[in-house]
Amino acid sequence: MTAEQFTLLIHPTLVVISVFPLIGIVCYFAWETRQRRLQIKAGEKSKIPPLVGKNHVEIGKWLSTAVVTVSLIGLARPIIAKNIVKNTLWATNTFQFIFLILIFLFTIITFILLFRARNKLWRGIFATLSGMGVVILGCQDGIFRRTNEWYWSHYYYGVIVTLLMIFSVAIIDDIYRDKSLKWRNIHIILNCLALLLFIGQGYTGARDLFEIGLWSPPPS
Ligand code: HEM
Ligand code: HEM
């Protein structure tokens, strides 16, 4: 295995040991939260402890942080290897080089501020800005986007699911405050879609390891 192939494994390794286990825990608590709410609504006594909702949200915040982190690493590797180093960007296009570093920092900082914001307007602003950071980084040279086969592209699934995780954090208070359940239902629909996209990431990511170059024929 070459050094470049090794760096290609950093992102999948982190996903497997952090994101997928967290998805399991988040979904377990999501199901319990819903069952408890529906049992109480039907006037039954629920055996599910009241803390399940809080646990879902706490682990959900970790999930969303893990997804944003692994996506930034997934984007950084090809940008560094196939754009910055390949074109010696710091010497040939210093402006672009500094711009890329600033966008990475901007995305991380706005995502941290999203957790700190209390007011609805600021949460909307920071969610939009960190989402924009991910999209701008995704548009850079070096990233294998598979646009001609967008319907099973690891890149498009990855960016969409990252935006959905950012959105979930942004609407936490709206889900709790809204008595009409509108935000709760929007959350359920979007995150069931996110779950399908996560499954798609398992398949498309493993496939891309072959296509982007981890695989080399065994010595004969
Ligand atoms: C795969 C990801 C996720 C799925 C499938 C999912 C699904 C669900 C479901 C089914 C519920 C229960 C709704 C009901 O009462 O009927 C729920 C509640 C909720 N979710 Fe998620 N969710 C996910 C991730 C997240 C994330 C990342 C966050 C934000 C950090 C989040 C925040 C919330 C909140 C605030 C509630 C209300 C909890 C309560 O009632 O105490 N969820 N979610
Ligand atoms: C939650 C799951 C995942 C998310 C959100 C995610 C997200 C991303 C993103 C945004 C990129 C950059 C765009 C691209 O090159 O396609 C990427 C790259 C990549 N991902 Fe994932 N990914 C996930 C799971 C996986 C898994 C399970 C594998 C492998 C088993 C994998 C393998 C790769 C590979 C090989 C690349 C290309 C990296 C490069 O060109 O250096 N990903 N991922």
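Okay, a bit of vocabulary to start: helix axes here are lines fitted to C-alpha atoms over the stretch in contact, and angles run from 0 to 180 degrees between N-to-C directions. What we have is a predicted model, where local features need pLDDT of at least 70, side-chain atom pairs count only at pLDDT 80 or more, and totals for chains, interfaces and linings use all residues. Residues are numbered from 1 along each chain as its sequence is written, chains are lettered from A and ligands numbered from 1 in the order in which they are written, and side-chain values use heavy atoms, leaving out hydrogens and water.

So, the overall picture. The protein chain has 9 helices and 0 strands (DSSP runs numbered from the N terminus: H or I of at least four residues for helices, E of at least two for strands). Its C-alpha trace spans about 65 × 45 × 30 Å along the principal axes.

Now the irons. For ligand 2, the protein donors of the iron atom are His-11 (NE2) and His-154 (NE2), 2.0 Å from it; donors are N, O and S atoms within 2.8 Å of the metal, or 3.2 Å for Na, K and Ca, and with water not among the atoms, sites may look incomplete. The 6 donor atoms subtend angles of 88 to 179 degrees, which makes the arrangement octahedral (six donors, opposite ones over 155 degrees apart and all others between 65 and 115). His-11 sits in helix H2 and His-154 in helix H7, so the pair ties together parts 143 residues apart in sequence.

And ligand 1? Its iron atom is coordinated by His-56 (NE2) and His-187 (NE2), at 2.0 Å. This site is octahedral too, with angles of 88 to 178 degrees among its 6 donor atoms. Here His-56 lies in H3 and His-187 in H9, so the pair ties together parts 131 residues apart in sequence.

Last stop: H3 and H7. The axes of H3 (residues 52–85) and H7 (residues 154–170) come within 9 Å and cross at roughly 145 degrees. Among the residues in contact (heavy atoms within 4.5 Å) are Leu-63 and Val-67 of H3, and Val-161 and Met-165 of H7.

Methods:
Tetrahedral: all angles 85-135°; square planar, octahedral: opposite > 155°, others 65-115°.
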